[in-house]
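Work through the exercises below with the sequence and the model open. Try each task before reading its solution.

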Amino acid sequence: MPFIDDGFEALTKPFYNGKKLTDPISAVEDKNQLLPAFLKVKGLVKQHIDSYNYFVDHEIKEIVRANRIVKSDVDSSFWVEFLDIRVESPENVGQNGSTTNPKVTPQECRLRDATYSARILVDVAYTRERQKIIRRNVELARMPVMLRSNKCHLYGANNAKMEIMNECPLDPGGYFIVRGTEKVILIQEQLSKNRVIIEADDKNSIITASVTSSTHERKSKTYVTLKKERINLQHNVLAEPIPIVIILKALGGLTDFEIMQLVAGSDARYQDDFEINFSEAVVAEVFTQQQALEYIGARVKMGMKGRPARGGPPQPRRSVIEEGLDALANIVIAHIPVEGLDFYPKAIYVAMMTRRVLMVRHNPKLVDDRDFVGNKRFELAGQLLSLLFEDLFKNFLSSLKFNIENTLKKQHRAIPADPLLQIGAQGKHITEGLNRAIQTGNWTVQRFRMNRAGVTHVLSRLSYIAALGMMTRISSQFEKTRKVSGPRALQPSQWGMLCPSDTPEGEACGLVKNLALMTHITTDADETPIKRWAFTLEPPAEPLRNFSGAEMHKKGTYIVHMNGTPFALTRFPKKFAANFRTMRRRGWISPFVSINVNENLSAVHIATDEGRICRPYIIVKNGKPRIKESQLRMLQAEKVTFDDFLRNGVVEYLDANEENDTLIAGTEKDITKATTHLEIEPFTLLGAVAGLIPFPHHNQSPRNTYQCAMGKQAIGAIAYNQFNRIDTLLLTMVYPQRPMVISKTIELIHYDKLPAGQNATVVVMSYSGYDIEDALVLNKASLDRGFGRAQVFKKYAADLQRYPNGSRERIGDKDPALEKNKALSKDGLADVGCMVESGQVMIKKESPSDTTSSTIGMERRVEAFRETPISYKAADPAYIDKVMITQTDRETQLIKVQTRQTRRPEIGDKFSSRHGQKGVVGIIVDQEDLPFSDAGIVPDIIMNPHGFPSRMTVGKLLECLTGKASIVKGRRDYGYGDAFRSHPLEEMSAELVDAGFSWEGKDYFTSGITGEPLQAYIFNGPIYYQRLKHMVQDKMHSRSRGPRAILTRQPTEGRSRDGGLRLGEMERDCLVAYGASQLLLERLMTSSDAVTLDVCQRCGLFGSKGYCNTCRSSQEVAKMTMPYAAKLLVQELVSMNVGVRLQLEDEFPHPR
Amino acid sequence: MAPSSGRRAPSAAELEERNTVGIRKEIVTNTVSDDYPDNYANEEHAWDKEDFRRTFKVQFHQNDQFEAQFSLIGVDASIANAFRRIMIADIPSLAIETVFVNNNTSVIQDEVLAHRLGLIPFTGGKKGLRDFMGFWRKPGPEEDAYATTFDTNTVSLKLAAKCTRNKDAPRDSRDPKVLYDNAHIYARDIVFEPLGGQAKWFSGEDTIRPVNPDILIVKMRPGQEIDIEMHMHKGYGWDHAKYSPVATASYRLMPKITILQPILGADAEKFANCFVPGVIGLERVTRQEAKTKGSGYEGHEGELKAVVKDAMRDTVSREVLRHPEFEGKVKLGRRKDHFIFSIESAGQWDSDELFMESVKTLKKKCGILRPQVTNMVQTF
């Protein structure tokens, strides 16, 4: 393994909680050292990267191998074969394909709005004029490259190399850069494929076994349903439910006795229940396989029949029997391949589904839980890309074939048909397809009729944590609007796999989840060698093919399943599983293959498929953990890695299913004789984002959830390269600090290197009344000294377009006479360091007024330009931070200007501690007015004590106390607040007393206003406070007059359009109830969209200029004021043939 | 103080009780000031100059240039607090107010650099700072930007540095300070440029200079450069913390520990450990004490007993109140009129000068208030 300097090195070197090489090591206490070792090998985003690597290294080759030959129907001697496919590393490509810069870095792509992609090369063999030609390294398309994958230039780069590439070494990677934006393919959660799920509907006493078959060709769902005692099989391709016996008869012509045995075995209960189904077949007069196939074939849906393969010639009509055969062989339960018309495996499968339905009928507890994590699969970037690529590649092949055949059809060709040209031309559709999918997030796979939106998201760079949190995010396929609690609830099997705290509030609650710290998602492993192992194991499993139903269902016989498909039998399941595990621990089988024994179903399940979620544990044998001091010494000395522990049988990965077979001890003292595994570290049940919270186990659970949402909004350091980036919006803190109280997670994810917040001296007391409802009191002197100071960077970009007629946009000269051009320099761009105010021009862009008419053939005319400048919009001034001129990969000139504002906290800005306790600044107080302690300590923040009782955030109190003790003693190793292993409070209090502070952290304070002592002792100490991105400056808004919407002439809406503040329905109701009619009139008409109109009193229609066009008179035309919207309504109604007449009446009629 | 009819003089014990802030386990009692007439019925508490002269005391505990501790005994909390507040916010000092950035290619943004510079404390010839330098006024919108800038209210500073590679650096060196010249720019690199009459006041030892020359301002790498000019003005702490002449100025009340019942043996040691070292001493019970009946020491001759040695060092951590064995044996309090001031100067003023200046300022403020009070009385 190449040594990857990914920033974790510092942690493993001096044993990360301050242990030195000479310190004694206890195997049990220091087992947590495995955690950094794990993260070094696997890391938080390694699942994305592993998955992508697997795709570009293996999966893509499989896809091409499966579809490698294109043959022509026109010329039988012509063929094209794809021998191999490779993905290169990203390089810069010039206009004519020449490589100008051999290496393109991700940062360059971000700045230049380019796509970080690499060439896909293929080796092709084809015939030209009956000659076989082999061409190697033909460019097929371009593949977006995942950052830090093995195709990326960042792969294996150390800090120095990262610095040269202008990349942050702490950046997690795992995302793509498409057209300059960073895009993440979120992990997609879905129900596992090719597994039978049994569900019961108690209301209608329906029991259903369903299986979603998924192969490369198709996806389909098959149901076996028990309804009113009868069992039917349902499938989309079948017009109506088919009695199960007919299906089983069709599958290989089994006799009734064989069917009975296959389904019920020798169990009389199941036999009795199943028996009735035979009569169904009798009623339908189906006795033979032939009849069964006819019966089924007749019910295969039209439209599915004889569907020609795309691009192929129409196939001849097939007989009904053939239809039935085809449907059963290829469409129903498609993942069980039928080879050479041997239907027995499929019959066993259908019988198994039927049997499970019957079992549930007798024991309703045997239903499956959809929400059980073991029944879920997680789709990662690699899998999604492979789906997309396969589809695009197949489309590519068919259009390749189509185009070649077009040339082959021509009788007299000037040049021989050369597929190479076509490959280049058609290949760009693959490039476009991949880019478009990642850019828009719309995943369209035609052959599965899959159309998923929102698969990708823009990587949030609000803070380091926001970006990291996005990489571990899992989105569920469930409907957000449906009111179901099951999928949203916390599942016990999520323990250690998914973070229990990190989920959004509101509609996506519980549907969007996050990975826990030590979770790994498996990639596919080949099942054939494992099957072979199973047959040679001691005791061996015996192939299922050799047995009849009676033998399969005999008591004590267990069916061995491989990825949900039965394939063998064993009489000794426990021993079989134990030996299987031994082999896995020795490293002979992939560590991610899981095995578990299900006693209820008499089944042994082996899983090798991708997308299972798993997690490492220490193996315990005979009540003793297998981890030894010597091994940890080796780890400390960097002689071994986590993989060695895996290979030596010290740790192993367990997936959610295998966990059911184990007894896992949380801590060493919980180990008993029966214990099989030991947790590496209990706090890893939380995710990376929840790991920021100190003492989370002392907080009320929702508070941790709130913090998980807020930690992502905290302003802080984003990345080491933050000042080299030009993002649309970039928020950074001027003086971020490492939290006083940290956790192991913080060190592991390097939050201490890219922090987002500051340690504020907090005093918990009431002050001034401007602190109600969670408002905070801030010390003005602290703000003067830089507390909470943040910078806001904004991007303004201009892409200089070229038009088909040859004209192009340009940067114009500065007109120094105009005030708005003050910030511009001679080149028409704003100068770095200049202050820009609202309305000032930053990029003096000019567009040609004529972009269509061609100048060819005419004499050169003088081009006219109009100004289309990019100017500064915000009300508060900013400084120009950077100006960048570059060229995009579309050869247009790109100018980016970044502005900078430095913002000091003001009243209304939002702050939050790490315990879900947010608040806005209520008042800023002079230092001399604030209370001070004996030691002269003046608070930075005063927090109202009412924030505590209802929120129950005891963790915050502990953070304060622990932080205070570590400050007082100057020891950073005190400040650990990990879940379940935090520093004991008594020690902290003892330190405080030793330093002359109070035991409970409450000290004597003096009022700064009166100078007299405060009558209560005040709880005080450092608490880490985050400044959140919500700032009044971006939100405050008012208007007295301003723009109006064109259509309704009412004031525009929203701050960005300088809109009015709406007097809404409820407000209107208040005024109506109060009787303030003149105020209402003013608000709703005069100040909104009043218009004076001429209305004809005779016809009731609108006139104009005092004249009624309908009545051709001006006699009875009256002027009146009404809302323009009302006038518009009348006219719109008239336009759709609804006559509206206005009848006018004097409110105060003249006395006659 | 002449006792008039119906007036009574409070007993010494009563006075002591009144003058003590009670430190209980969970609350602080008797915090409110009572130092004004008629607070206590039938007692004479009118302010008396002679009385004040007799009782008022100032004791210095420490008087270094930048740090001073002294006791102010015999004044009310409002007066002591006024001094504290004035020291923080109302004593003028000189700080960088305007920064002219000619060039700044370092990684630190102009605003942040300016902010950092503003917070650097400066010092210089005291006489010049106090007498020669006046206040700067911001020019009006119609005025020239420098119309109000003179040598008597503005100090000009310069900081120009360019980071270059150090050609003589050893090959294996990785320390940027060795590899590059001017990699780190410190406060000492700021150059004072005397204007007009300033040369007379601020030269030689009296030159305007940062108090702490080692304050790091900016780190640079080869090719980066800063070239800035700065204007310093006088300002007040209420305007910006950078003008505050103190790092902090605060006071605490004199702790009072009364041992009510004898604390002996192991308890005594534990008792002493409840306080910061030096507060409680351990002494052997003398024969004399052991003989005295009702003293509580009977039969404990030679054992260790706890005695209050230096109450001033106590931090009032109330640890002793937490232990049930000391319940009823000790009483904690603080003297209401004994203020132990602690002043940390930021450098422009000496710490003791600061206090005197605060007295002067308070006097001046009173001088302003006085005619207004008189006028007020006349109007009604």
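**Exercise 1.** Which residues in α10(A) are buried?

*Solution.* Begin with the ground rules. This is a predicted model, where local features need pLDDT of at least 70, side-chain atom pairs count only at pLDDT 80 or more, and totals for chains, interfaces and linings use all residues. Residues are numbered from 1 along each chain as its sequence is written, chains are lettered from A and ligands numbered from 1 in the order in which they are written, and side-chain values use heavy atoms, with hydrogens and water left out.

Step 1: fix the terms. Buried means under 20% relative accessible area, exposed over 50%, and partly exposed in between (1.4 Å probe, protein chains only). Helices (H or I, at least four residues) and strands (E, at least two) are DSSP runs, numbered from the N terminus.

Step 2: read off the helix. A:E323, A:G324, A:A327, A:L328, A:A329 and A:I331 are buried in α10(A).

Step 3: find the cover. It includes β10, β11, α6 (244-250), α9 (289-298) and α11 (344-362) of chain A. Contact here means heavy atoms within 4.5 Å.

**Exercise 2.** Check the length of helix α10 (residues 320-331) of chain A against its expected span.

*Solution.* Step 1: the expected span is 1.5 Å times one less than the number of residues.

Step 2: for the 12 residues of α10(A) this gives 16 Å. The end C-alpha atoms are 15 Å apart, which agrees.

Step 3: look just past the helix. There A:I333 has a positive phi of about 45 degrees.

**Exercise 3.** Trace how β9(A), β10(A) and β11(A) are linked.

*Solution.* Step 1: two strands pair if DSSP finds at least two bridges between them.

Step 2: take β9 (residues 206-214) and β10 (residues 219-227) of chain A. They run antiparallel and are joined by eight bridges. A:S213 faces A:S220 in β10(A). Four residues lie between the two strands of this hairpin.

Step 3: move on to β11 (residues 230-235) of chain A. Six bridges pair it with β10(A), again in the antiparallel sense. A:V224 is opposite A:L233 in β11(A). This hairpin has two residues between its strands, and A:K228 in the turn has a positive phi of about 50 degrees.

**Exercise 4.** Lay out the open sheet that contains β37(A).

*Solution.* Step 1: the strand order is β34-β37-β38 (chain A), with antiparallel pairing.

Step 2: identify the edges. β34 (810-811) and β38 (865-867) of chain A each pair on one side only.

Step 3: place the residues. β37 (residues 845-848) of chain A is paired with β38(A) over three bridges. A:S847 stands opposite A:R866.

**Exercise 5.** Which residues touch the most other members of the largest nonpolar core?

*Solution.* Step 1: define the core. It is a set of buried Ala, Val, Leu, Ile, Met, Phe, Trp, Tyr and Cys residues joined through side-chain atoms within 4.5 Å.

Step 2: name the residues. Of 130 members, they are A:F82, A:L140, A:F389, A:F393 and A:W443.

Step 3: locate the sources. Helix α12 (residues 381-409) of chain A gives the largest share, 13 residues.

Step 4: zoom in on A:L140. Leaving aside neighbours within four places in sequence, its contacts include A:I85, A:F393, A:F396 and A:I430.
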